[in-house]
Amino acid sequence: MKISKYIPAALLALGLASCSGDFLDTENTEFLGSEEAGEAAGKNPDVFLNGAWSWFIEGTVANKDDPSNFSYMAVMLCTDVMTEDIAFSASHFFVYDYQLDYRNDQWMRTGHLWSTFYTTIQKANEIIGLYPNGAQTSSEKALIGQAYAMRGMSYYYLIQLYQDYMNTDGTINREAKGIPLMYTAADGKTEEEIAAAKSRNTVGAVLDQTGHDLELAVSLLEEADYSRPNKNYIDASVANGLLARYYLLTQQFQNAADAANKARQGYAMRTESGLHDGFMEINNPDVMWGFDQTTETQTAFASYFSHISNLAPGYAGAGYCPKHIDRRLYDQIPDNDYRKSLFNGAAGDASQPTSSARLPYANIKFGNCGDWLMDYIYMRAAEMVLIEAEAYARLNENGKAADVLKVLMANRQPGWSKTSVTAAEVQLQRRIELWGEGFAYFDLKRLNKGIDRAYAGTNHMNGCQLVVPAHDVRWTFQLPLREIQENSLISEADQNP
């Protein structure tokens, strides 16, 4: 029995993000009435946003029982290791995710995923609920715009995690069971509508709400002409980036191309030297959104870099669970591509400073600054180029797709000069460029693809050389058991297989 999978009492005491009636009560503030809170928020949005960003970084990491739960970046890592692009050479944290064996309703992982995004929705709704009549001033629009972006992004992830939403023919199954939608009176909903939405809405309803929230976020932030104090915050460029992700998911390809192009304006591509900065510096000119770590916010061993970086003094770097690139993916990177140097080859690299970083196919993409202040990166301009290029390829504008992709490849592979690219070629570049950054699982699901780690010469560890086809139940998480128990609108019959 895998006892460590089960939810410990300490985590239950903290409370997962249940959708029970009182969990997302957005009318209460600790010190201010709603009118006073709204006025204060208009003057100082940081007061209300900082709590949301703190949750996004730390989540329930105060629960020392599980150093693999550090909120948003833990979601990105646990889903990435479910694919074939990351290979393990030892069994430690995230190994059950790696085995695609951590999805059941009573196990901790589904509770972590649910809690990460529904608590983010709660915090967004607390902000939205401050202004029942909508935003009037620029500062109010900037505040509420960021809240809608947070809420829309959360639904974007939740619907992909908790439903097999694609049909085998490549269309979206809009009638499949989705997830609860959490509203406030400021959304123009009646009490009855707000209550009813806590059931399993259809995939179509959830996607429509996702699009509504993200489009509204862009509109509000653009109207506000919001200039953020730093990259911890969401401005119009980031909101457009989130919207581009949504349009790509929902196959609105021209909209995806337009939003991605708009999002990346003003950012530069990471240079060859920038590729070797450890992907831990928020001030790199290709970083659109992230979190600038401080001594107060860093979480040391319970952190993304502890688990992904073979160079940092965490679980990966100390040899408990080194992270490697899949050998077959590595072999597809041309020798003159600068990104190949972010990974060791078959012989390893004896010059690296840790035993993990010396191993064959070990990643040395993610670095170590020496004091756990490595920044988290949520969105880069390179991703926007890849979205735009894929969108044009899927519109059969392959020449235009190549022109867009060249913006990235000019900084990755000298002499790259293709005049036409397919969607599959762009997808390969996504796998190489965004390795370890949290995109592989979501790409597999939207593209109806499975994994094959059992090929000849595989470098995936014994016991994890899996072949898992698209639509296998292992790709979709069950709703947390507590949600079934506490939400009267969701029964055991509504549970995922």
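**Rings and hollows**

Let's start with Phe 366, which is buried, with a relative accessible area of 2% (buried means under 20% on that scale, using a 1.4 Å probe and protein chains only). Its partner Tyr 304 is buried too, at 3%. Before going on, a word about the model: it is predicted, so local features need pLDDT of at least 70 and side-chain atom pairs 80 or more, while totals for chains, interfaces and linings use all residues. Residues are numbered from 1 along each chain as its sequence is written, and side-chain values use heavy atoms, leaving out hydrogens and water.

Now for the rings. Rings of Phe, Tyr and Trp (its six-membered ring) pair if their centres lie within 6.5 Å; planes under 30 degrees apart are stacked, over 60 edge-to-face, and the rest tilted. That rule gives 27 aromatic pairs. Trp 114 and Tyr 118 make a tilted one, with 4.6 Å between centres and 45° between planes. These two sit 4 residues apart in helix 6 (residues 108-128), so about one helical turn separates them; helices here are DSSP runs of H or I with at least four residues, strands are E runs of at least two, and both are numbered from the N terminus. Both Trp 114 and Tyr 118 are buried. Back to Tyr 304 and Phe 366: their centres are 5.6 Å apart and their planes at 80°, so this pair is edge-to-face. Tyr 304 belongs to helix 12 (residues 304-308) and Phe 366 to the loop between helix 13 (327-331) and strand 4 (376-380), so the pair ties together parts 62 residues apart in sequence. Ring pairs also link a cluster that includes Tyr 72, Tyr 156, Trp 289 and Trp 475.

Tyr 156 turns up again beside a hollow. It is among the residues nearest the centre of the largest cavity, which has 14 lining residues. A cavity is a set of points on a 1 Å grid over the protein atoms alone where a 1.4 Å probe fits but cannot get out, and lining residues have an atom within 4 Å of a point. The volume, about 130 Å³ here, is the space filled by probe spheres set on the points, which are joined across faces, edges and corners.

Helix 10 (236-249) and helix 14 (381-394) are among the helices that each supply at least two residues of that lining. In helix 10, 14 of its 14 residues are buried. For helix 14 the count is 13 of 14, so the rest of the structure largely encloses it.

Trp 475, from the ring cluster, helps line the second largest cavity, which holds about 80 Å³.

Methods
1 Å grid on protein atoms, 1.4 Å probe; cavity = no way out; pocket = protein on both sides within 12 Å on 5 of 7 lines; lining within 4 Å. Buried < 20%, exposed > 50% of the residue type's maximum accessible area, 1.4 Å probe, protein only.
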